[in-house]
Amino acid sequence: MTKQLVIDHVSKVFGGLKAVADVSLTINQGALIALIGPNGAGKTTLFNMLTGESGPTTGKITLSTASGDVDISKKKAYQVAKLGVARTFQNIRLFGAMSVKENVLVARTHLYHEDFLGTVLRLPQFYQREHDVGAAADELLDFFDLTAVADEPTASLPYGTQRRVEIVRAVATKPQLLFLDEPAAGMNPEETADLSRLIARVREHFGITVVLIEHDMSLVMNLAEYIYVLDHGAMIAKGTPQVIQRDPQVIRAYLGGDSDA
Ligand SMILES: Nc1ncnc2c1ncn2[C@@H]1O[C@H](COP(=O)(O)OP(=O)(O)OP(=O)(O)O)[C@@H](O)[C@H]1O
């Protein structure tokens, strides 16, 4: 198995609070992993460190890329994104006034920022690229079953659809690694089941490694191959869904008790 992301003794301290405490784990290419834990366990804080939103206080994060291993511990979010890492947020962050397709186009166009001269001078490659970007966006919208709402302003769409737009926008950046922060939040069981199938298809079709934070245990247990459990910033368990469901420490963390009884 090829390693994609190595998290080596990573901690994050806010004032006196250790939000993430000495967490180590390795994510292999193509994996579908869930990160779970009670509220305040440190899941989003860990995601923020892995995507460059906020650097670790101590520890190292190494991303394998086509051109070798890169230490991303001190890199900014836009630099990590350029290395092939995309994410969605717990609170949807879309361009609400823009249409669904425009959201995808913006994400896709970011890939070509390097060719500033070609764009400014409107060289032939600019028009070719515009055409390619448009065609790729249409294909993506079709894959995500969003063609019918392609021209709708995203803010006008139902919550579950907006979540799908967030994911397609992340996928439009052609990531190697996709982080989804509570993708099923606010969804009904039917939408959650649809989402679960969609995530599995995205991973399969685009060959993207997927890491998700989720409180919906039906989604986690059905979808994830491997689960990491955080509690009070520390990794308290890891294993397959079958193992995690029976882990006494995990059950205790969720039920909030302190004893073994
Ligand atoms: N920027 C910050 N400044 C200070 N404390 C923070 C900051 N961000 C998070 N925390 C604290 O760190 C701890 C971990 O928070 P985090 O949001 O990572 O938990 P979580 O597992 O994602 O929780 P939830 O499931 O509720 O989203 C919490 O005690 C939180 O209050």
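This is a conversation between a trainee and a mentor about how the terms used for this predicted model follow from its values.

Trainee: Let's start with the whole chain. What makes up its secondary structure, and how much of the chain is buried?

Mentor: The protein chain has 10 helices and 10 strands. Of its 261 residues, 34% are buried. Among contacts with a separation of 6 or more, 67% join residues 24 or more positions apart.

Trainee: Which residues surround the ligand?

Mentor: The shell consists of F14, L17, A19, G37, N39, G40, A41, G42, K43, T44 and T45. Both β2 (17–28) and α1 (43–50) supply at least two residues each, and α1 gives the most, with three.

Trainee: How do the residues of that shell divide into nonpolar, polar and charged?

Mentor: There are four nonpolar, six polar and one charged. Keep in mind that glycine counts as polar in this scheme.

Trainee: Why is α1 described as largely enclosed by the rest of the structure?

Mentor: Take the cut-off first: a residue is buried if 20 or more other C-beta atoms lie within 10 Å of its own. Seven of the eight residues of α1 are buried, so the helix is largely enclosed by the rest of the structure. The buried ones are K43, T45, L46, F47, N48, M49 and L50. Just after α1, G52 takes a positive phi of about 80°.

Trainee: What does α1 pack on?

Mentor: On a sheet, so let me describe that sheet before the helix. The sheet is open and has six strands in the order β6-β7-β8-β3-β9-β10, with mixed pairing.

Trainee: What makes β6 and β10 the edge strands?

Mentor: Each of the two, β6 (85–87) and β10 (234–239), pairs on one side only. From one strand to the next, the twist averages 20°. As for α1, the helix touches β3 (32–36), β6, β7, β8 and β9 (226–231), and its direction makes about 150° with that of β7.

Trainee: How do you know that β7 and β8 are paired?

Mentor: Pairing asks for at least two bridges between two strands. Strand β7 (residues 177–181) and strand β8 (residues 209–213) run parallel and are joined by five bridges, so they meet the condition. Within that pairing, L177 stands opposite T209, and L178 has V210 as its bridge partner.

Trainee: Which residue of β3 has V210 as its bridge partner?

Mentor: That is L32. β3 pairs with β8 in the parallel sense over four bridges.

Trainee: What makes β8 a mostly covered strand?

Mentor: Five of its five residues are buried. T209, V211 and I213 point one way, whereas V210 and L212 point the other way, and all are buried.

Trainee: Which residues have the most contacts inside the largest nonpolar core?

Mentor: L35, V168, L178 and V229, in a core of 61 residues. Helix α6 (residues 159–171) gives the most to this core, with five residues. As a general background, nonpolar side chains tend to be buried together in soluble globular proteins.

Trainee: What is L178 in contact with beyond its neighbours within four places in sequence?

Mentor: A86, A170, V171, I208, T209 and V210.

Trainee: Now to the loops. Why is A31 called partly exposed?

Mentor: A31 has 18 other C-beta atoms within 10 Å. Buried would need 20 or more and exposed 12 or fewer, so a value in between is partly exposed. A31 lies in the loop between β2 and β3 and touches T209, E225 and Y226, leaving out residues up to four places away in sequence. Its C-alpha atom is separated by 9.3 Å from that of Q4, 27 residues apart along the chain.

Trainee: Where is K174 found, and why does K174 count as partly exposed?

Mentor: K174 is in the loop between α6 and β7. With 15 C-beta neighbours inside 10 Å, K174 counts as partly exposed. Its phi is near 55°, a positive value in a residue other than glycine.

Trainee: And what is the phi of H232?

Mentor: H232 has a positive phi of about 50° although it is not a glycine. H232 lies in the loop between β9 and β10, and its 16 C-beta neighbours inside 10 Å make it partly exposed.

Notes
Residues are numbered from 1 along each chain as its sequence is written. This is a predicted model: local features need pLDDT of at least 70, side-chain atom pairs count only at pLDDT 80 or more; totals for chains, interfaces and linings use all residues. A residue is near a molecule or strand if its C-beta atom, placed from the backbone, lies within 6 Å of it. A nonpolar core is a set of buried Ala, Val, Leu, Ile, Met, Phe, Trp, Tyr and Cys residues joined through C-beta atoms within 7 Å. Two residues are in contact if their C-beta atoms, placed from the backbone, lie within 7 Å. Axes are lines fitted to C-alpha atoms, for helices over the stretch in contact, and angles run from 0 to 180 degrees between N-to-C directions.
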